[in-house]
Amino acid sequence: MPDVSRQTKATEIRRLMETEGAAVAENTQAFNAGRYASVDGLDDYEELKQWARDIKEDAIERLPQLIEEVRRQIEERGGSVYLAEDAVDANRYIADVVGEADRLVKSKSMTSEEIGINEFLERRGVEVIETDLGEWVLQVAEEAPSHIVAPAIHKSRAAIADLFNQHFDPDPPLETAKELTRFARKQLGRCIQEADVGMTGANFITADTGTIALVTSEGNARKTALVPSTHIAVAGIEKIIPRVEDLQPFAELIGRSGTGQDLTSYFSLLTPPVPSPVPNFDRPDEPMEGGEREFHLVLLDNGRTDMREDPQLRETLYCIRCGACANSCVNFQQVGGHAFGGETYSGGIATGWEAGVHGLESAASFNDLCTGCTRCMNACPVNIDIPWINVVIRDRINREEAPNAIEGLVDGLWPDAEPDGVSLARKVIAHVDTLARWGARIAPIARWLARRRPVRWLLERAVGIDPRRDLPRLQSTTLRSWFQDRPRPSVEDPDVIFVPDTYTNYVWPERGQAAIRALEAVGCGVGLADVGDVGRPALSQGMISTATARAEAVSAALAPHLEAGRRVVFVEPTDLAMVQGEYQKLLPTAEADRLADASLDVMSVLQNQWTEGDSGKLRTGGGRKLIYHSHCQQRTYGLQSSTVEVLEHFGYNVATTSAECCGMAGSFGYKSDYYELSMRVGEALRDEVVSLAGEEATVVASGISCREQLEAVLDRSVVHPVQLLV
């Protein structure tokens with residue numbers, strides 16, 4: 001039976017899709033589109049990202065030294081710096097500073113959310129007021145943030161109006177955005193004027209001067225810092241960078257990445273204690289004079305030092321909390337951070353943060369919502385490999401789970417290096433190549449069984465495979481058997497070695513046949529690699545040891561071909577991305593680099609051949625209209641352009657989709673827990689396809705998962721682009 005917690009989570013996801021999904025989708029997709037438009041105007045976008053990453057790498061490497069430099073700079077000017085070991089320590093210090101004060105006003109700060117300072121102070125009789133509009137909305141609604149940057153992203157204007165009208169009973173009732181904003185400004189302005197203490201976060205802290213950078217879309221943070229006589233800034237130790245000059249790339253990137261703005265509305269630099277006098281609102285007509293200011297910087301560790309020492313989690317500390325990973329994630333776009341998030345943080349990078357500061361249990365509550373599509377990698381302004389962090393955490397979660405009786409019975413069927421606690425569902429997906437090999441031997445029976453209700457019931461209960469999803473139709477004639485038995489003689493010294501993925505070999509051999517024929521048509525001698533799957537299914541389940549073993553086997557099998565100078569060709573983008581990307585984590589660097597350099601997508605090989613003057617005997621399109629959906633990882637690695645150029649070269653009129661992901665994402669769309677979410681994402685892609693060319697246009701997709709999803713939502717056949725050419 002599925003465990004209750006899994007069922008509960010699935011029910012909650014469905015609820016959030018219906019209640020919050022529309023608002024989250026509208027806002028995150030607008031942010032994401034804004035990012036594309038904004039960075040398109042930067043000639044040095046990739047250079048800026050690398051510059052920002054270099055600064056963060058250096059800062060984290062020298063962090064203990066930089067902490068002491070910040071302390072010296074601020075204390076020499078009369079401020080205080082406190083290094084808090086954890087949330088309890090930070091809250092205790094802040095409470096001592098607040099003392100007998102009645103009211104504290106806050107600007108938006110995820111670090112303050114992390115330590116739970118609001119609840120801590122309120123239990124001690126201090127009134128805490130959020131002055132960021134989104135945070136204030138959530139404070140009134142008694143809800144948690146749904147997004148790192150836009151906390152109330154899940155609420156529509158109408159919902160906020162209803163909330164304010166019910167809670168404050170204004171006369172006349174509020175309705176428009178302008179009315180809501182004016183009302184909030186008046187209410188919060190009065191709260192700031194009457195506050196005893198102001199609290200902010202810090203987007204960056206420069207060690208050389210002790211300067212705090214606040215990046216906001218509202219002016220409330222400046223007021224919170226400068227109106228009360230006491231200012232407390234709370235920041236994680238990772239927010240420190242070496243110099244003021246180092247702010248430059250972050251100023252260019254943070255607004256573009258998070259909200260699609262070329263520059264955020266307010267980029268405030270405060271070098272505390274700020275020497276300006278404290279305003280007296282009782283005497284607004286008199287010049288401001290004197291007034292002692294008190295400043296406290298609370299630097300929070302709370303697991304960050306351990307993360308710094310952890311080679312797999314260290315990269316999380318490079319995060320600048322822009323939210324781009326959330327905005328670019330199709331699953332987050334549909335459910336928001338109340339599902340795709342833990343105790344504090346949300347979005348793709350949240351897995352690393354939650355595991356580091358709150359523990360694996362918090363990360364486990366949403367880790368599976370990351371499908372590894374990799375679209376967040378290009379969005380991240382500091383080039384963090386977020387999917388890899390999610391895989392690492394998934395692997396650690398696996399190792400924390402206790403085995404059960406059923407899983408123990410099947411462990412011997414699939415020898416691997418994983419702990420006994422890995423769930424049966426994960427093992428089945430990780431070893432899909434083995435299952436396909438067995439099933440192909442009895443393909444007609446396997447296909448018959450796949451349609452039987454008792455079998456589907458058992459698969460749902462034992463493995464979590466949704467009965468509404470069609471299972472792959474295994475073929476008796478695999479690609480390997482076709483290649484071995486066909487009349488055309490094999491090439492003794494091939495130019496290229498074709499690597500068939502599991503689905504191409506056992507389920508859709510026709511796309512492998514088309515790829516081989518196309519390569520031969522442009523003059524390539526083709527051999528077939530003697531390898532199984534490349535380890536992607538195991539890696540997707542967090543089974544890193546098994547994925548590493550597969551990578552080592554693939555590398556060993558392909559080594560003689562690399563020695564002979566042959567190109568290694570893939571038709572499945574997921575496998576190519578695995579070899580060019582994740583193998584860098586699984587194999588020695590030189591070995592991984594060598595394999596990556598030799599590996600190509602089949603369409604890239606065709607492109608290289610015809611640009612050299614040999615178009616071969618490939619079929620032309622005669623102006624036929626196509627809708628092409630490229631695979632997520634093709635986009636991440638910049639490989640989709642080759643397919644478009646090849647199709648256009650051979651006379652096809654190609655329109656491309658803009659959707660980040662189809663929502664199938666390998667095994668994700670098969671799972672009962674996530675079927676509705678997967679289909680919701682797929683339906684958005686369907687709508688785009690239909691809008692591009694109507695119901696009857698020819699649709700092509702490079703990835704197996706994309707093909708499965710598109711066929712499900714369009715109820716029509718979809719093929720790989722190479723199948724059009726032969």
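Select methionine 199 first: in β7, its bridge partner is isoleucine 232. This is a predicted model, in which local features need pLDDT of at least 70, side-chain atom pairs count only at pLDDT 80 or more, and totals for chains, interfaces and linings use all residues. Residues are numbered from 1 along each chain as its sequence is written, and side-chain values use heavy atoms, with hydrogens and water left out.

**The six-stranded sheet**

Extend the selection to strand β7, residues 230-236, which runs parallel to β4 and is joined to β4 by four bridges. Strands here are DSSP runs of E with at least two residues, helices are runs of H or I with at least four residues, and both are numbered from the N terminus. Two strands count as paired if DSSP finds at least two bridges between them.

Next, select β4, residues 197-200, together with β2, residues 103-106; these strands pair in the parallel sense over three bridges. Methionine 199 appears again here, as the bridge partner of lysine 106. Valine 105 stands opposite glycine 198 of β4. Show the side chains of β4: Val197 and Met199 point one way, Gly198 and Thr200 point the other way, and all are buried. Buried means under 20% relative accessible area, exposed means over 50%, and partly exposed lies in between, with a 1.4 Å probe and protein chains only.

Now display the whole sheet, an open one of six strands in the order β1-β10-β7-β4-β2-β3, with parallel pairing. The edges are held by β1 (80-84) and β3 (127-130); each has a single partner strand, so one side of each is left without a neighbour in the sheet. From one strand to the next, the twist averages 20 degrees.

Add helix α4, residues 63-76, which lies across β1 and β10 (294-300) and runs at about 150 degrees to β1. Axes are lines fitted to C-alpha atoms, for helices over the stretch in contact, and angles run from 0 to 180 degrees between N-to-C directions. Contact means heavy atoms within 4.5 Å.

**The four-stranded sheet and two helices**

Move to a second open sheet, where four strands follow the order β12-β11-β13-β14 with parallel pairing. Its edge strands are β12 (526-528) and β14 (599-601), each with a single partner strand, so one side of each is left without a neighbour in the sheet. The twist in this sheet averages 35 degrees from one strand to the next. Select β13, residues 567-570, which runs parallel to β14 and is joined to β14 by three bridges. Valine 569 has leucine 600 as its bridge partner in β14.

Two helices lie across β13 and β14: α30 runs at about 150 degrees to β14, and α31 runs at about 35 degrees to β14. Select both helices, residues 573-586 and 589-598; they pack at an angle of about 180 degrees, with their axes 9 Å apart. That angle makes α30 roughly antiparallel to α31; angles under 35 degrees count as roughly parallel, over 145 as roughly antiparallel, 65 to 115 as roughly perpendicular and the rest as oblique. On the α30 side, Val579, Gln580, Tyr583 and Gln584 meet Thr589, Ala592, Asp593, Leu595 and Ala596 of α31.

**Two buried residues**

Select alanine 538, in helix α28 (residues 536-540). Alanine 538 is buried, with a relative accessible area of 0%. Beyond its neighbours within four places in sequence, alanine 538 is in contact with Ala430, Met543, Thr546 and Ala547.

Then select aspartate 433, in helix α22 (residues 432-441). This aspartate is also buried, with a relative accessible area of 10%. Not counting residues up to four places away in sequence, aspartate 433 touches Thr502, Tyr506, Gly532 and Asp533.

**Helix α36 and the whole chain**

Select α36, residues 704-714: the helix is mostly covered, with nine of its 11 residues buried. The elements that cover its buried residues include α26 (502-506), α27 (509-521), β15 (625-629), α35 (675-693) and β17 (698-701). Aspartate 715 follows α36 and has a positive phi, near 55 degrees.

Finally, display the entire chain, which has 36 helices and 17 strands. Its C-alpha atoms fill a box of roughly 95 × 55 × 50 Å, taken along the principal axes. Buried residues make up 60% of the 726 residues.
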